[in-house]
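Visitor: I'd like to walk through this model and ask where its labels come from. Can we start right away?

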Amino acid sequence: MNAPRTDGPRTRVDADTIYARVRAQVLSGARPAGSRVLEVSLAEEFGVSRTPVREALRRLAHDRLLEPGARGLQVRVVTPGEVVQVYDARVLLEAEAAAQAARLARIGDVLELERLLARDRALVEPDDATRTRTNMEFHAALWRAAHNPVLLDLLQRLTVHQVHSPHSTLSVPGRWEEALAEHAALLRAVAEHDEERARRTAADHMRAARDIRLRLLRDAVAPPPGAEGA
């Protein structure tokens, strides 16, 4: 978790910087659910006093990314019920964002989506954290293409409640390739200004992710083979 060092002038590290970096680590899964987040360790990592660290952690707790643990703060553990609720909300909001993007997207928005899709297709066996990050970047570009600040804010807030742990749905064999194909279909609908097709494609895309997440949750609590007779 150490911050990268450079030989150039030191960049000023304040509470905003610490907040942004730790938030990104939590949302990408680099800091898994249940892992401890300590003031002292972060102060050493960023080379600052504990005051800006304390402010950053307060904000992360307010965002519900951190919660009190046995010994200090830890990355919040999201319950299965919350996961389902987040996916259900995203099905609706992603569909609306896609439809509005199909109606309002500008050429620059389409070019950005094309760039991100091409980048993701060129990745060779990306790890889970990379898949999670690049997938979110594509979705965020789609949200911006809707040119609806209220909808954008709601979708950004939802990502705070959707911490992928221990693995994202994109780690399931074959899902990464399926997701890229679905992104391509969504991009085509937006580029062709087909609102209903964009709405339907986005909803189906999120339902597929939700169904995989539910299977992962069931597998996580299922007894190992043969345990029933033990």
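Visitor: What makes the crossing of α4 and α7 left-handed?

Guide: The term goes by the turn of the near helix: anticlockwise from the far one by less than a right angle is left-handed, clockwise is right-handed. The crossing of α4 and α7 falls on the left-handed side. Before we go on: this is a predicted model, where local features need pLDDT of at least 70 and side-chain atom pairs count only at pLDDT 80 or more, while totals for chains, interfaces and linings use all residues. Residues are numbered from 1 along each chain as its sequence is written, and side-chain values use heavy atoms, with hydrogens and water left out.

Visitor: Why are α4 and α7 called roughly antiparallel?

Guide: Their axes cross at roughly 150° and come within 10 Å. Axes are lines fitted to C-alpha atoms, for helices over the stretch in contact, and the angles run from 0 to 180 degrees between N-to-C directions. Under 35 degrees is roughly parallel, over 145 roughly antiparallel, 65 to 115 roughly perpendicular, and the rest oblique. So α4 and α7 count as roughly antiparallel.

Visitor: And what makes α4 and α6 oblique?

Guide: Helix α4 (residues 80-104) and helix α6 (residues 128-145) pack at about 55°, with axes 7 Å apart. That angle fits none of the named ranges, so the pair is oblique. The crossing of α4 and α6 is left-handed too.

Visitor: Which residues of α4 and α6 meet?

Guide: From α4, the list includes Arg-90, Glu-94, Ala-97 and Leu-104, and α6 brings Met-136, His-139 and Trp-143, among others. A contact here means heavy atoms within 4.5 Å.

Visitor: Leu-104 is in helix α4; why is it called partly exposed?

Guide: Buried means under 20% relative accessible area, exposed means over 50%, and partly exposed is in between (1.4 Å probe, protein chains only). Leu-104 has 38%, so it counts as partly exposed. Leaving out residues up to four places away in sequence, Leu-104 touches Ala-145, Ala-146 and His-147. Leu-104 also lies 9.8 Å from Glu-195, C-alpha to C-alpha, with their positions 91 residues apart in sequence.

Visitor: How do you know that Thr-169 is buried?

Guide: Its relative accessible area is 6%, so Thr-169 is buried. Thr-169 sits in the loop between α7 (149-160) and α8 (175-191). Among the residues that Thr-169 touches are Tyr-87, Arg-175 and Leu-216.

Visitor: What is unusual about the phi of Arg-64?

Guide: Most residues other than glycine have a negative phi. Arg-64 is not a glycine, yet its phi is positive, about 65°. Arg-64 lies in the loop between α3 (50-62) and β2 (66-69), and at 37% relative accessibility Arg-64 is partly exposed.

Visitor: Where is Glu-125, and why is it called exposed?

Guide: Glu-125 is in the loop between α5 (107-122) and α6. Its relative accessibility is 73%, so Glu-125 counts as exposed. Phi of Glu-125 is positive as well, near 45°.

Visitor: What puts Arg-59 over the face of Tyr-19?

Guide: The rule asks for NZ of Lys or CZ of Arg within 6 Å of the ring centre and within 35 degrees of the ring normal. Arg-59 is 3.9 Å from the ring centre of Tyr-19 and lies over its face.

Methods:
Helices (H or I, at least four residues) and strands (E, at least two) are DSSP runs, numbered from the N terminus.
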